[in-house]
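Subject: A structure for you to look at

Dear colleague,

I am passing on the structure below, together with some notes on what turned up when I went through it. Please keep it open beside this message while you read.

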Amino acid sequence: MGDFSIQISSNLVNRLADDGEKLKRKPKKTKAKVPRESALPQTKVNEKQHYDDPETPKGIPSPGWPVQAPLFLPATPSAHSVNTELDAIRSVIQESERVLEKLQKQEDSIVQEVTERAKDLRDKEFKLPYQKPMPCLADYEACRACYKEHGNDILKCAPLTRSYYDCVRRVKQQSSLAGQ
């Protein structure tokens with residue numbers, strides 16, 4: 001649908017206000033039809049001239065429109081009420097700071113306690129069980145040192161290797177007898 005604009009003239013408002021007095025109708029004047037495209041720019045121009053007309057005084061409202069009451073803003077609050085509000089806000093801030101300090105102290109103590117418990121659990125869980133000493137450790141170390149010292153002539157380490165082998169065999173026999 002096209003755009004429409006309605007203009008209400010002061011004559012129309014007066015006629016509506018005096019409706020009871022004048023019952024007689026004037027015959028309508030027929031106007032020549034004008035295409036809508038050409039009519040719209042004229043009405044816009046007319047509207048602009050109607051509202052921005054420099055000849056109409058700005059202080060006097062146009063006839064037919066109700067006069068709007070002026071808008072009054074509340075007076076600024078007194079200094080006493082502002083100070084009491086500020087004092088109330090300051091007391092709330094101080095109380096919040098005290099609560100914050102208490103919470104920080106609680107947090108520190110809880111962190112310390114949790115750290116201690118974690119350390120105790122870690123120590124208990126990763127504690128190495130009792131390890132039996134390795135049998136024949138002295139013979140093993142002697143044999144190993146000999147091989148490092150005489151890498152080219154390993155036959156010099158044969159007596160040490162034989163004693164280590166005998167020691168291991170004895171320990172195996174003892175463990176098999178103890179297991180039966």
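Please bear in mind throughout that this is a predicted model. Let me begin with the aromatic rings, for which the count comes to one aromatic pair. The partners are Tyr140 and Tyr164, whose ring centres lie 5.7 Å apart and whose planes meet at 45°, an arrangement that counts as tilted. This pair links distant parts of the chain, since Tyr140 belongs to helix α4 (residues 137-149) while Tyr164 belongs to helix α5 (residues 158-179), and the two are 24 residues apart.

Are these two tyrosines buried or exposed? Tyr140 has a relative accessible area of 30%, and is therefore partly exposed, and Tyr164, with a value of 22%, is also partly exposed, because the label "buried" is kept for residues under 20%.

Turning to the surface, you will find a nonpolar patch of about 440 Å², to which Ile6, Ile8, Leu12 and Leu16 contribute. One of these residues, Ile8, sits in the segment before helix α1 (10-17), and its relative accessibility is 53%, so that Ile8 counts as exposed, the limit being over 50%.

Finally, an unreviewed UniProt entry places a feature named "coiled-coil region" at residues 86-113. In the model, this span is 100% helix and 0% strand, and the C-alpha atoms at its two ends lie 41 Å apart.

With best wishes,
A colleague

Technical notes. Residues numbered from 1 in each chain as written. Predicted model: local features only at pLDDT ≥ 70, side-chain atom pairs only at ≥ 80, totals over all residues. Heavy atoms only, no water. UniProt positions renumbered as here; feature names shortened; annotations may be inferred. Helix = DSSP H or I, 4+ residues; strand = E, 2+ residues; numbered from the N terminus. Patch = residues over 30% accessible without salt bridge, like charges linked within 9 Å, V, L, I, M, F, W, Y side chains within 5 Å. Areas by Shrake-Rupley, 256 points an atom, 1.4 Å probe, with all protein chains shown as cover. Salt bridge = Lys/Arg side-chain N within 4 Å of Asp/Glu carboxyl O. Buried < 20%, exposed > 50% of the residue type's maximum accessible area, 1.4 Å probe, protein only. Phe/Tyr/Trp six-rings, centres within 6.5 Å; stacked < 30°, edge-to-face > 60°.
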